[in-house]
Amino acid sequence: MIPFFNIDERIEAASDKALETCSEQFKIIDKITEFNQLKVQKAFIKYGISESHFVSSTGYGYGDRGRETLDKVWADVFGAEDALVRHNFMCGTHTLTVALFGVLRPGDNMLCVTGTPYDTIHGVIGINGEGMGSLKDFGVNYSEVPLKDEKPDINSIKNAVNEKTTMVYIQRSRGYELRPSLTVEDIAEIVNAVKEKNSDAIVMVDNCYGEFTQTKEPCEVGADLIAGSLIKNAGGGIARTGGYIAGRHDLVEKCAYRLSTPGLGKEVGATLGMNRELYMGLFYAPHTVGEALKSAVYISALFESFGYDTTPKYNAVRGDIVQSLGLENEESLVAFCQGIQSGSPIDSYLTPEPWDMPGYDSKVVMAAGAFTLGSSIELSADAPIREPFYAWIQGGLNFHSSKICALLAAQQMLEKGLLKGIE
């Protein structure tokens, strides 16, 4: 029996079977986690990280060795020449925006090869909205290559890339799409196809949700620039805010000029006591991502046993921490999210309801009881209220807390007469 929570014995039995089903996948995840943990630990040792790197700076932040060394550690871990890791990045979208505006210039051509990107980046590119200061407003041209059978269309990518292509943009995670996330091997194939047609084209990867899910990162297979959020995978559930950009030194330097000011770049920026948790977040990240992956695999196996569509399947190779779950109707979707919320350590007493969320074109229901507001490495479940009524689940600081949240979601659906597969 599960202590402390009232879970129907039929759901408990389904949970036990799901755990058995997941056992081999958990072993694979443990191996990936160990590899990445050792990689991070080696980098900390290589650069002699000590208490002195956690000292706070104020004002201009000149000579902040903790900030400067963190960039070196980050670059080492992510297989890059250089990195820009700052608490000043407000979110993943802001980090991506700094990277795009840092590198692209009026008249440049940006080509997205993974279909239309995530909703919140539309205004940045200029896909929607006018006069907001988008890339389009500044004369950057944008085009995209649609996915083919939910995968990158390599032949079409080759046909689209030419000598005028400045940047090829790859979104690794699925966003609010049902297509598979990209593995590092998928990214390598795209990089090779692009460089074959134009060796000067910059390949940039939106690496959000993908860090530490495999034993390699995109820069290690030829990506020129990657960016992500510290309240997702890379912050390990410790960082309270921030983002990172990593890749070629010249490109990272341009991004630093965009974040601060031309001529100063990485030389300024007070850390205000944030260094300790940025270092600690990176150190915890491989383990935390491993727990999030186990949570996703378990949820997939459990709800597949009830008869729901899950993507990816529990035994699929994963390129990110996101799990999609087809709940078939609005009532089940909302009940699922409410169940997740009821088990959250923070704000468990709240009841999620669909609402108009900035940056999205439909109402969104979101379960997100997190220690850090908006954190996506802590267990959350959200979904736009639109067909085909899928929930997107990500995160989990530890597997056991995620497990009970999933069971409470099933229990909530059962009590409302919505759960399939239970007689």
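## Sheet and cavity in a predicted model

Strands β9 (residues 323-326) and β13 (residues 390-394) are joined over four bridges in the antiparallel sense, where two strands count as paired if DSSP finds at least two bridges between them, and Leu325 stands opposite Ala391 in β13. This is a predicted model, in which local features need pLDDT of at least 70 and side-chain atom pairs count only at pLDDT 80 or more, while totals for chains, interfaces and linings use all residues. Residues are numbered from 1 along each chain as its sequence is written, and side-chain values use heavy atoms, with hydrogens and water left out.

The open sheet of six strands follows the order β8-β9-β13-β12-β11-β10 with antiparallel pairing; strands here are DSSP runs of E with at least two residues, and helices are runs of H or I with at least four, numbered from the N terminus. The edge strands, each of which pairs on one side only, are listed here.

| Edge strand | Residues |
|---|---|
| β8 | 309-311 |
| β10 | 355-356 |

The structure also holds one cavity of 30 Å³ or more, and the largest cavity has a volume of about 50 Å³. On a 1 Å grid over the protein atoms alone, a cavity is a set of points where a 1.4 Å probe fits but cannot get out, and lining residues have an atom within 4 Å of a point; grid points are joined across faces, edges and corners, and a volume is the space filled by probe spheres set on the points. Among the residues lining the largest cavity are Arg67, His87, Thr271 and Leu278, and the elements giving two or more residues to this lining are β1 (82-86) and α8 (275-306).

Technical notes:
On a 1 Å grid over the protein atoms alone, a cavity is a set of points where a 1.4 Å probe fits but cannot get out, and a pocket is an open set with protein on both sides within 12 Å along at least five of seven lines; lining residues have an atom within 4 Å of a point.
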